[in-house]
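Welcome to this short tour. Please open the model in your viewer and keep the selection tool at hand.

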Amino acid sequence: MSSPRDPRSDVDLNVPSAARAYDYFLDGAHNFAVDRAFAQQVLHIAPSVPAVARLNRSFLRRVVKFCLEQGVRQFLDLGSGIPTVGNVHEIAQQIDPGSRVVYVDYEPVAYAHARQLLADNPNATIIHADIRRPTDILDHPDTRRLIDFSEPVALLMVGVLLFISDDDRPSELVAAYRERLAPGSFLAISHIASEEAAPELQDEVARLVSAYAAADEHVYVRTRQEVLDWFDDGVSLVEPGLVFLPDWRPDTPVEADSPARPLGYGGVAEVR
Ligand SMILES: C[S@@+](CC[C@H](N)C(=O)[O-])C[C@H]1O[C@@H](n2cnc3c(N)ncnc32)[C@H](O)[C@@H]1O
């Protein structure tokens, strides 16, 4: 079990970073040689990974638009990653410049780049913290400044809980954040999956999990039921429920054909 830690301020150039490999898979430029070598190795054994990353990113974009349509103007994005195309604040502030966004990541490059990007943005910031310490984040001065928990908030746990081990009790973690949310808030979760995939895709995911043993983050694959259980008593899933990523309120028909479709679940619930 790895314990929640103070976020690293240094970059270890000998250890590949899951955050920076994800940036590489999304054609980003904020990665180092060690990350690219690792990502190439992952691509070799699990070629579907970039497609899953794109499906996940696209799910995030649709979730943010959905929450805006529901009137939400506050976003808490846990494990936000290295800024890339379609960041939450860009989508939200294009629709309403008054939208407020708090990003959280403990990876130093993700933090540094987001900080730089948001330097002149009074309504968005990033906190350098470990999401396994909910009170550090919920009670952080920047969170208090930008998020009013008496009003609806969109809590985004997109592409992050796959890095949280069972020992770190993801269910309790989700609940700790959810308990702070006012009725009318939304909780969004996406997660890597393989149980409904063809055997060769399941093998790919198993090889991916093995490869990430060498990275700074390990990957945990969960069943649909395990993810469903995180949407606990206090919330109701909105239609279409917890589904494959491209099936969640699609706005383009193209992604439904992706061979990576069964490799991720996504769902959004409204806080009652
Ligand atoms: C795959 S990226 C997802 C980025 C973005 N949410 C998206 O879906 O496009 C996962 C991010 O979660 C961050 N992360 C993983 N575990 C974390 C933790 N315990 N605390 C803070 N950030 C974490 C990683 O550093 C990485 O940037």
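How many residues surround the ligand, and which are the closest? Select the ligand and its shell (residues with a heavy atom within 4 Å of it): 20 residues surround the ligand, and the closest are Tyr22, Arg57, Gly79, Asp105 and Val158.

A word on what you are viewing: this is a predicted model, where local features need pLDDT of at least 70, side-chain atom pairs count only at pLDDT 80 or more, and totals for chains, interfaces and linings use all residues. Residues are numbered from 1 along each chain as its sequence is written, and side-chain values use heavy atoms, with hydrogens and water left out.

Next, pick Asp105: an N or O atom of its side chain is 2.6 Å from an oxygen atom of the ligand. Then go to Asp130, where a polar side-chain atom lies 2.9 Å from a nitrogen atom of the ligand. The protein buries 98% of the 600 Å² that the ligand exposes when taken alone (accessible areas by the Shrake-Rupley method with a 1.4 Å probe).

Now show helices H1 (18-25) and H3 (49-69), each of which supplies at least two residues of the shell (helices are DSSP runs of H or I, at least four residues, numbered from the N terminus).

Last stop: helix H2. Select Val34, Asp35, Phe38, Ala39 and Val42, which are buried (under 20% relative accessible area, 1.4 Å probe, protein chains only). Look down the axis of H2: the buried residues fall within an arc of 130°, so they line one face of the helix (the arc is that of the directions from the helix axis to the C-beta atoms). On the other side of H2, find Ala33 and His44, both exposed (over 50%).

Terms used: Polar contact = N/O pair within 3.5 Å; in protein donor to acceptor, adjacent residues only side chain to side chain.
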